[in-house]
Amino acid sequence: MNRIAAAILLAFSGAALAQAPAVPAASPVSASAAAAFDAAAVLNAHLADDVERTMKLFDVPGIAIAVVKDGKVVATQGFGVRKLGAPGKVDGKTLFEIASNSKAFTAAALAMLVDEGKLAWDDPVTKHLPDFQMYDAYVTHEMTVRDLLTHRSGLGLGAGDLLWWPTTNFSTDEIIHKLRYIRPATSFRSSYAYDNLLYIVAGKIVASKSGKTWGETIHERILAPVGMASTTTSLLENAGNPDVANAHSKINDRIAAVKAMPVPNAVGAVGINTNAEDIARWMNVLLAGGRVGTGADGKEVRLFSAKQAREMWTAQTPMRISEPDPRLAGTRPNFLAYGLGFQLRDWQGRLLAMHSGALQGFYSKVLLVPEAKVGIAILTNAESGGALNALQYQLLDRMLNPAAGTDWIGAVKAVEDEKHAKELARLATAGAARAAKSQPSLARTAYDGDYQDPWYGIATIRHVGGKQVLTLSRTPDLTGELEHYQHDTFIVRWKERNFNADAYVTFALNPDGSIERMKMQPVSTETDFSYDFQDLNFTPVKKKSP
């Protein structure tokens, strides 16, 4: 999934974006610059220093880098360790979870089905999944396969992600069924808001049309032809392989090894685990417009047609452009949109097709510059968006504009540190301003009970061993102690401290003093948006009469 940045509607029309060429024409400046230096030599001369500095500044234990240029592999290298405190080194074969960079694989699988005439991008979803249903009947009827991939459904940012994140015991089919209970945040196709649930639906379509699971289909139709022999579609497939990166998260601002987060119910959105060597092969196929190579008979071998390649990298949904910190002014795009499985923007006059991915303990980035035939993948075993952004800009400059001389690593670190300090100060101010001497309206035991949300289901509050504990019933790791904050608001401190997702829990009362509802909200603005607590609306479950 893209947990590093989420954007909304751009201040210009989608129609204008749709008219933009999929790949901008090369400019004389970029052509002459490309001829003036050996991009591979420049990158490799600085790569170790760039990566090791980034790891040190951003507390990242291990990073793998893949770079391709003109169909050739420039670098597939590992740096650092697979797990803190253990000797195993990251190398080009070390497997990382790439999370939302899996979305491109689901989009490619659908593109192949379009080429084969088994579906069309603008088919209604209900044509292929008759039981599919959104909250609004009109949206259910109008939602197309294309809409599943373009983040314009009307759902809010990360809506419903708690159905799969952190690891839940919902099935894929249950998650898809729950969509009908999630209220939209905007009207259909009116704005961009990143979601994961509809990619889960897309993965279900891939499986239903192939007659096999999503993982089996991806292995057979994509990984095998491309030669991605080490890549897996579930954590279970990694068992027995020692060269697998461990997850790492911050706990009280200190990096620590944490357990992995299996998500077998969300594979269409986040299911791929890969390494630098394999993802280099994938990037070369993407940059070749779906072409894998030439078969023994001399005929061209393709995953998908050039037509579908253009479709995937054509703007579908405009995104709002935010103003960066002045120190990062050079990173501001002139256009920003989402295609089919890829975010699209410009970088120094060229089209950039890219995506980010994040799961517990892993962040990744894939960057493709079609005009220059350059691909860069950054795989990390830590939750550091800053590390990805710093390396993204630094490596793009190494490959495309080495004379720039900008220290992106230092600039991104300075901006990130300042932002984090401001958030810590905001939390301290809020804590000092609370009515610390206030008391709950009811006795603490009166808040105990079962509460039900329309799409998530049951949350329970119980006194256990002298502590009041909140548990989200379908998410084993979302269990934490309630501490009083002020009035009828509490804070749940999750037992898994690496989540960094403590939440306010606020109760509203009826006139008779009974509890009307329970709402939640992340305490910190740095909490990952997939902890969409604010979308939950719990009401007490009435006790059955004896």
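Tyr531 is a good place to start: in this predicted model, Tyr531 is buried, with a relative accessible area of 3%. Buried here means under 20% relative accessible area, so Tyr531 clearly falls in that class. Its ring has a partner, Phe499, which is buried too, with a relative accessible area of 5%. The centres of the rings of Phe499 and Tyr531 are 5.9 Å apart and the planes meet at 45 degrees, so the pair is called tilted. What makes this pair fun to trace is that it links distant parts of the chain. Phe499 sits in the loop between strand S19 (489–494) and strand S20 (503–509), while Tyr531 sits in the loop between strand S21 (515–522) and strand S22 (539–540), 32 residues apart.

These two rings have company. Trp164, Trp165, Trp494, Phe499, Tyr531 and Phe533 form one aromatic cluster. A search of the whole structure turns up 21 aromatic pairs. One of them joins Trp164 and Trp165, whose ring centres lie 5.8 Å apart with planes at 75 degrees, so this pair is edge-to-face. Both Trp164 and Trp165 are buried. If you wonder where such labels come from, a pair of aromatic rings is described by the distance of the centres and the angle of the planes.

Rings can also sit beneath a charge. The charged end of Arg474 sits over the ring of Phe170, 4.0 Å from its centre. Likewise, the charged end of Lys103 sits over the ring of Tyr199, 5.3 Å from its centre.

Now let us move to strand S13, which covers residues 362–369. How many of its 8 residues are buried? The count is 8 of the 8, so S13 is largely enclosed by the rest of the structure. In a regular strand the side chains alternate between the two faces of the sheet. You can follow this in S13: Phe362, Ser364, Val366 and Leu368 point one way, and Tyr363, Lys365, Leu367 and Val369 point the other way.

S13 has a strand partner in S12 (residues 350–359), joined to it by 7 bridges and running antiparallel. Within this pairing, His355 has Val366 as its bridge partner. The hairpin of S12 and S13 has 2 residues between the strands, and in it Gly361 takes a positive phi near 90 degrees. S13 is also joined by 7 bridges to strand S14 (residues 374–380), again antiparallel. Here Lys365 has Ile378 in S14 as its bridge partner. The hairpin of S13 and S14 has 4 residues between the strands, and Lys373 takes a positive phi near 55 degrees there.

Lys365 and Ile378 lead us on to a helix. Both are touched by Gln392, which also contacts Met354 and Leu367. Gln392 lies in helix H14 (residues 385–400) and is buried, with a relative accessible area of 2%.

Our last stop is helix H10 (residues 214–226), whose 13 residues reach 17 Å from the first C-alpha to the last, close to the 18 Å expected at 1.5 Å a residue. Look for a bend of about 35 degrees at Glu220. Which residues of H10 are buried? They are Trp214, Gly215, Thr217, Ile218, Ile222, Leu223 and Val226. These buried residues pack against several elements, including helix H4 (103–115), helix H9 (197–210) and strand S7 (291–294). Just after H10, Gly227 takes a positive phi of about 90 degrees.

Notes. Residues numbered from 1 in each chain as written. Predicted model: local features only at pLDDT ≥ 70, side-chain atom pairs only at ≥ 80, totals over all residues. Heavy atoms only, no water. Buried < 20%, exposed > 50% of the residue type's maximum accessible area, 1.4 Å probe, protein only. Contact = heavy atoms within 4.5 Å. Pairing = 2+ DSSP bridges. Expected span 1.5 Å × (residues − 1). Bend = angle between axes of the 7 residues up to and from the residue. Phe/Tyr/Trp six-rings, centres within 6.5 Å; stacked < 30°, edge-to-face > 60°. Lys NZ or Arg CZ within 6 Å of the ring centre and 35° of its normal. Lists of a residue's contacts leave out its neighbours within four places in sequence.
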